[in-house]
Amino acid sequence: MTHIDQEKLERFVGQAVGDMAAAISGLLVHVGDRLGLYQAMAGAGPLTAEELARRTGTTARYVREWLCNQAAGGYVVHDPEHDTFELPAEHGAVLAHEDSPVFLGGAYEAIASCYSDHAMLIEAFRTGSGVGWERHDHRLFSGVRRLFHPSYTNFLTSAWIPALDGVEAKLKAGASVADIGCGLGSSTVIMAEAYPHSTFAGFDYHGPSLEAARGAAAEASVQHRVRFETAAADAFPGTGFDLICLFDCLHDMGDPVGAARHVRQALAHDGTLMLVEPNAGNTLQDNLNPVGRTFYGFSTTVCTPASLAQPVGLGLGAQAGPSRLTQVLTEAGFSRVRVAAETPFSLVLEARP
Ligand SMILES: C[S@@+](CC[C@H](N)C(=O)[O-])C[C@H]1O[C@@H](n2cnc3c(N)ncnc32)[C@H](O)[C@@H]1O
């Protein structure tokens, strides 16, 4: 009979109960995000459930139960004397302010899409077939945009591009840039706003995402310098680009080596590839932490199935790490590859032909 270490059992039950609370509360974070509850609480001071319901056009009974869950999780602070609830400013930065570098609302929107799509995943585990990016609940597309947008807003033009060799000067003077797997065009539009003398082409194989990207470009008044075209990463048109970027998408592709090879051919002779991927170490041991756990989660539910649905089906995974990514780029013919920058969520590689 297996010996049970009582202390170990209790420790793990405690951990699993915490995760259970987080799993159901994650849905409630998404609900709060959708209904604008956090936004209404941000900076508002202590509010009763009735006041919050009035401000958000929702129903007090539901809002009260939601607030109780939030208070139990330490997301809001309850004042028992006045029966009010307050969102601390620091929590507002994580839950209410879209452009804050620590905003996480988008992650919960993407996670909600994963829960809703779980039947496809179970089938994929059994058959080994892939699940194409385009088959997902549409909240994946908007959730991923909102998940990465704060990083791009806060680091892309202030830290990542300046960390590349000679690229910022080219973009300021006027360069030709391609953003591959651009999704809803968040990174493309941010770069277009920052470098008014440069032109930008965003490519993605998912047409509906590009419709939203065109809307974002028009909203930012950069549409005359930004075009979006439906194209696969190993077949997009054009050559002579000064900079080609891939933001958090190479690992979603079936043939990352083929895509990188095509990128290399499309670059000017002195052009640069900027590859942004979820931050990870080189070994599983390096990634046994909350960020690794999250990205292995997305990798299992979305990224690996997306790759397996495409020709070649390499299934690189979202936690490949710098060594494996360098190997992919080297195999594609790049000769100089280095890590140029990193943040807790992102790894930025520079590669030259
Ligand atoms: C995780 S999303 C990232 C989107 C965007 N770059 C961002 O950071 O917000 C991955 C994107 O890669 C695109 N994609 C996946 N495989 C592709 C391929 N073979 N060719 C072009 N785009 C692809 C998907 O359609 C999706 O928009």
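**Ligand and cysteines in a predicted model**

Trainee: What makes one say that the ligand sits in the second largest pocket?

Mentor: A molecule sits in a pocket if more than half of its atoms lie within 2 Å of the pocket's grid points, and by that rule the ligand sits in the second largest pocket. A pocket here is an open set of points on a 1 Å grid over the protein atoms alone, with protein on both sides within 12 Å along at least five of seven lines. This is a predicted model, in which local features need pLDDT of at least 70, side-chain atom pairs count only at pLDDT 80 or more, and totals for chains, interfaces and linings use all residues. Residues are numbered from 1 along each chain as its sequence is written, and side-chain values use heavy atoms, with hydrogens and water left out.

Trainee: Why is the pairing of the ligand with Gly181 called a polar contact?

Mentor: A polar contact is a pair of N or O atoms within 3.5 Å, and a ligand nitrogen lies 2.7 Å from a polar backbone atom of Gly181, so the pair qualifies. A nitrogen of the ligand is likewise 2.9 Å from an N or O atom in the side chain of Gln310.

Trainee: How do you know that Cys245 is in no disulfide?

Mentor: A disulfide requires two cysteine sulfur atoms within 2.5 Å, whereas the nearest cysteine sulfur to Cys245, that of Cys249, is 9.8 Å away.

Trainee: Why is Cys245 called buried, and why does Cys68 count as partly exposed?

Mentor: Buried means under 20% relative accessible area, exposed over 50%, and partly exposed in between (1.4 Å probe, protein chains only). Cys245 has 0% and is therefore buried, while Cys68, at 32%, is therefore partly exposed.

Terms used:
A polar contact is a pair of N or O atoms within 3.5 Å; within protein, one must be able to donate a hydrogen and the other to accept it, and residues adjacent in sequence count only if both atoms are side-chain atoms. On a 1 Å grid over the protein atoms alone, a cavity is a set of points where a 1.4 Å probe fits but cannot get out, and a pocket is an open set with protein on both sides within 12 Å along at least five of seven lines; lining residues have an atom within 4 Å of a point.
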